[in-house]
Amino acid sequence: MPRRVVHRLARALGRRGAILLCYGTVWALYGYAQIVSPQPDQRGLTLVTQMWSLTVWGWLFITAGMCAAVAAFLRQGADWFGFVALVLIVLPWMTSYLAAWLLGDFPRGWVAAAVWAVIAVPVIVVAGWREPPRHKRFEAR
């Protein structure tokens, strides 16, 4: 029974939907972590925290994650906003770390910026994929 449920969910999501759901979950969890237990070393986040508090950023991450999770269940073409939300929330974060490194405020800022950039690349790649056609199974009854 559980295997059938997992198989049905996998077929409903497809590859694009699976990525949207997984990344959406990670983004939502990351946002939740920023709200309940913000990271202690915030030197790399000076640029973004000047705009909004980490609590607001946490809610923005949760919102982006939820957008991606909803988009995961939509057909290809209608799911575009999930991919956009996942990438857009990362850009200010990445820029803040890079700026902190360039200004000399956070020596490891380039590493954090690179990590966020590399995390976003698969989202961009999958956004350009076409979902493979689904073949119906013909079973003898």
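## Arg16 and its partners

The side chain of Arg16 reaches the backbone oxygen of Ala127 at 2.9 Å. A polar atom of that side chain also lies 2.6 Å from the backbone oxygen of Trp129. This is a predicted model: local features need pLDDT of at least 70, side-chain atom pairs count only at pLDDT 80 or more, and totals for chains, interfaces and linings use all residues. Residues are numbered from 1 along each chain as its sequence is written, and side-chain values use heavy atoms, with hydrogens and water left out.

Arg16 lies in helix 1 (helices are DSSP runs of H or I, at least four residues, numbered from the N terminus). Arg16 is buried, with a relative accessible area of 5%; buried means under 20% relative accessible area, with a 1.4 Å probe and protein chains only. Leaving aside neighbours within four places in sequence, its contacts (heavy atoms within 4.5 Å) include Gln76, Asp79, Phe83 and Glu131.

## Helix 3

Helix 3 covers residues 54-71. Its 18 residues should span 26 Å at 1.5 Å a residue (1.5 Å times one less than the number of residues); the end C-alpha atoms are 25 Å apart, which agrees.

Among its buried residues are Trp57, Phe61 and Ile62. The buried residues of helix 3 pack against helix 1, helix 2, helix 4 and helix 5.

## Aromatic pairs

Rings of Phe, Tyr and Trp (its six-membered ring) pair if their centres lie within 6.5 Å. By this rule there are twelve aromatic pairs. Phe61 and Trp116 form a tilted one, 5.9 Å centre to centre with 50° between the planes; tilted means neither under 30 degrees (stacked) nor over 60 (edge-to-face). This pair links helix 3 to helix 5, 55 residues apart.

Phe61 is buried at 0% relative accessible area. Trp116 is buried at 10%.

Conventions:
Helices (H or I, at least four residues) and strands (E, at least two) are DSSP runs, numbered from the N terminus. Buried means under 20% relative accessible area, exposed over 50%, partly exposed in between (1.4 Å probe, protein chains only). A polar contact is a pair of N or O atoms within 3.5 Å; within protein, one must be able to donate a hydrogen and the other to accept it, and residues adjacent in sequence count only if both atoms are side-chain atoms.
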